[in-house]
Amino acid sequence: LLSMQLPRSDQERVNELSAKARAGSLSEGEAQELDSYLHIGRLLAVMQSRARRLLKNLDTDLSRQ
């Protein structure tokens, strides 16, 4: 889980869409696509943060035993 990330092709697509957004030439469909990618990225970041916290707590609990 901690090493999960978007596939390279998806990362490249996000970069393309972000560049178009900065240039002001993003279509409505592309804006929705970019929002979906960003939503997935945020969800993944939250899951990874929770996993790190759980692993840290587990390590702390095991070292106390």
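Biologist: What do the buried residues of α1 pack against?

Modeller: Packing here is read from heavy atoms within 4.5 Å. In this predicted model, the buried residues of α1 pack against α2, which runs over 28–64.

Biologist: Which residues of α1 are the buried ones?

Modeller: Buried means under 20% relative accessible area. In α1, that picks out V14, L17 and S18. They sit on the same side of α1, because their arc around the axis is only 105 degrees.

Biologist: And which exposed residues does the face turned away from the buried side of α1 carry?

Modeller: That face has R8, N15 and A23, each of them exposed.

Biologist: How do I read the length of α1?

Modeller: Take 1.5 Å times one less than the number of residues as the expected span. With its 16 residues, α1 should reach 22 Å, and the model gives 23 Å from first C-alpha to last, close to that value. Just after α1 comes G24, with a positive phi of about 80 degrees.

Biologist: Which residues make the nonpolar surface patch?

Modeller: L2, L55, L58 and L62 make it, over about 360 Å². L2 belongs to the segment before α1, the helix at 8–23.

Biologist: Why does L2 count as partly exposed?

Modeller: Partly exposed is the band between under 20% and over 50%. L2 has 38% relative accessibility, so it lands in that class.

Biologist: What about M47, where does that one lie?

Modeller: M47 is in helix α2. Its relative accessibility is 42%, so M47 counts as partly exposed. Between the C-alpha atoms of M47 and E16 there are 26 Å, with the two residues 31 apart along the chain.

Note on methods:
Residues numbered from 1 in each chain as written. Predicted model: local features only at pLDDT ≥ 70, side-chain atom pairs only at ≥ 80, totals over all residues. Heavy atoms only, no water. Patch = residues over 30% accessible without salt bridge, like charges linked within 9 Å, V, L, I, M, F, W, Y side chains within 5 Å. Areas by Shrake-Rupley, 256 points an atom, 1.4 Å probe, with all protein chains shown as cover. Salt bridge = Lys/Arg side-chain N within 4 Å of Asp/Glu carboxyl O. Helix = DSSP H or I, 4+ residues; strand = E, 2+ residues; numbered from the N terminus. Buried < 20%, exposed > 50% of the residue type's maximum accessible area, 1.4 Å probe, protein only. Arc of directions from axis to C-beta.
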